[in-house]
Amino acid sequence: MNRPAREAAARRIMEESPPRVPPDLCAEAVRRGGRILRRRRAARRLLWLLLGAAAVAFTAWALTAQPWVEPPSETTPPVTGWEGW
């Protein structure tokens, strides 16, 4: 497509009347936007609830299992120095 043809096509597009907008477009957009915001808010609350439950579960496990304490030895240490009894 050469330059004059492109300019003619652009003029033709600009001279046409703009497309008609549906009368309920704004109301529909507001309704959909509200629904999206409610879903995001619900998802955010659910994630915070899951995070809180995970924190409580981890704290309960840590208090009962006490992973920072060294476990008791499974074998007895070697006994040395008793030959002289």
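1. A word on terms to start: a residue counts as buried under 20% relative accessible area, as exposed over 50%, and as partly exposed in between. By that scale arginine 3, with 57% relative accessibility, is exposed, because its value is over 50%. Please keep in mind as you read that this is a predicted model.

2. Let us begin with the overall form. The secondary structure of the protein consists of two helices and zero strands. Its radius of gyration is 37 Å, well over the 12 Å that the globule rule gives for 85 residues, so the protein is more spread out than a compact globule. The C-alpha trace spans about 115 × 40 × 10 Å along its principal axes.

3. Next, the surface. Of the 85 residues, 2% count as buried. The accessible surface of the protein comes to about 8,700 Å², and 64% of this belongs to carbon and sulfur atoms.

4. Now for helix H1, which covers residues 3-15. Arginine 3 has a partner here: glutamate 7 forms a salt bridge with arginine 3, and their closest N and O atoms are 3.0 Å apart. Both residues lie in H1, four residues apart, about one turn of the helix. The two ends of this pair fall into separate classes of exposure: glutamate 7 is partly exposed at 33% relative accessibility, whereas arginine 3 is exposed at 57%.

5. Helix H2, residues 25-65, is the place to look next. Glutamate 28 forms a salt bridge with arginine 31, with the closest N and O atoms 2.5 Å apart. These two residues are three residues apart in H2, about one turn of the helix. Glutamate 28 is partly exposed, with a relative accessible area of 26%, and arginine 31 is partly exposed as well, at 43% relative accessibility.

6. Glutamate 28 has another partner to look at. The side chains of arginine 32 and glutamate 28 meet in a salt bridge, 3.2 Å from N to O. Arginine 32 and glutamate 28 are four residues apart in helix H2, so about one helical turn separates them. At 46% relative accessibility, arginine 32 counts as partly exposed. Put together, Glu28, Arg31 and Arg32 are linked in a network of salt bridges. The structure holds three salt bridges in total.

7. Further on, you can pick out some arginines gathered on the surface. Arg35, Arg38, Arg39, Arg40, Arg41, Arg44 and Arg45 form a patch of positive charge there. One of them, arginine 44, lies in helix H2. For the charges of the whole protein, 14 are positive and 8 are negative, and the mean positions of these two groups are 19 Å apart.

8. Leucines make a patch too. Leu46, Leu47, Leu49 and Leu50 make a nonpolar surface patch of about 430 Å². Among them, leucine 49 is found in helix H2. Leucine 49 counts as exposed, because its relative accessibility is 59% and the cut-off for exposed is over 50%.

9. Do stop at glutamine 66, in the segment after H2. Its phi is near 45 degrees, a positive value in a residue other than glycine. Glutamine 66 is partly exposed, with a relative accessible area of 37%.

10. Last comes proline 71, which is also in the segment after H2. Proline 71 has a relative accessible area of 60%, so it is exposed. Its C-alpha atom is separated by 76 Å from that of arginine 20, and the two residues are 51 residues apart along the chain.

Methods
Residues numbered from 1 in each chain as written. Predicted model: local features only at pLDDT ≥ 70, side-chain atom pairs only at ≥ 80, totals over all residues. Heavy atoms only, no water. Salt bridge = Lys/Arg side-chain N within 4 Å of Asp/Glu carboxyl O. Buried < 20%, exposed > 50% of the residue type's maximum accessible area, 1.4 Å probe, protein only. Patch = residues over 30% accessible without salt bridge, like charges linked within 9 Å, V, L, I, M, F, W, Y side chains within 5 Å. Areas by Shrake-Rupley, 256 points an atom, 1.4 Å probe, with all protein chains shown as cover. Rg over C-alpha atoms; globule rule 2.2 N^0.38 Å. Lys, Arg positive; Asp, Glu negative; His and termini not counted. Charge placed at Lys NZ, Arg CZ, Asp CG, Glu CD.
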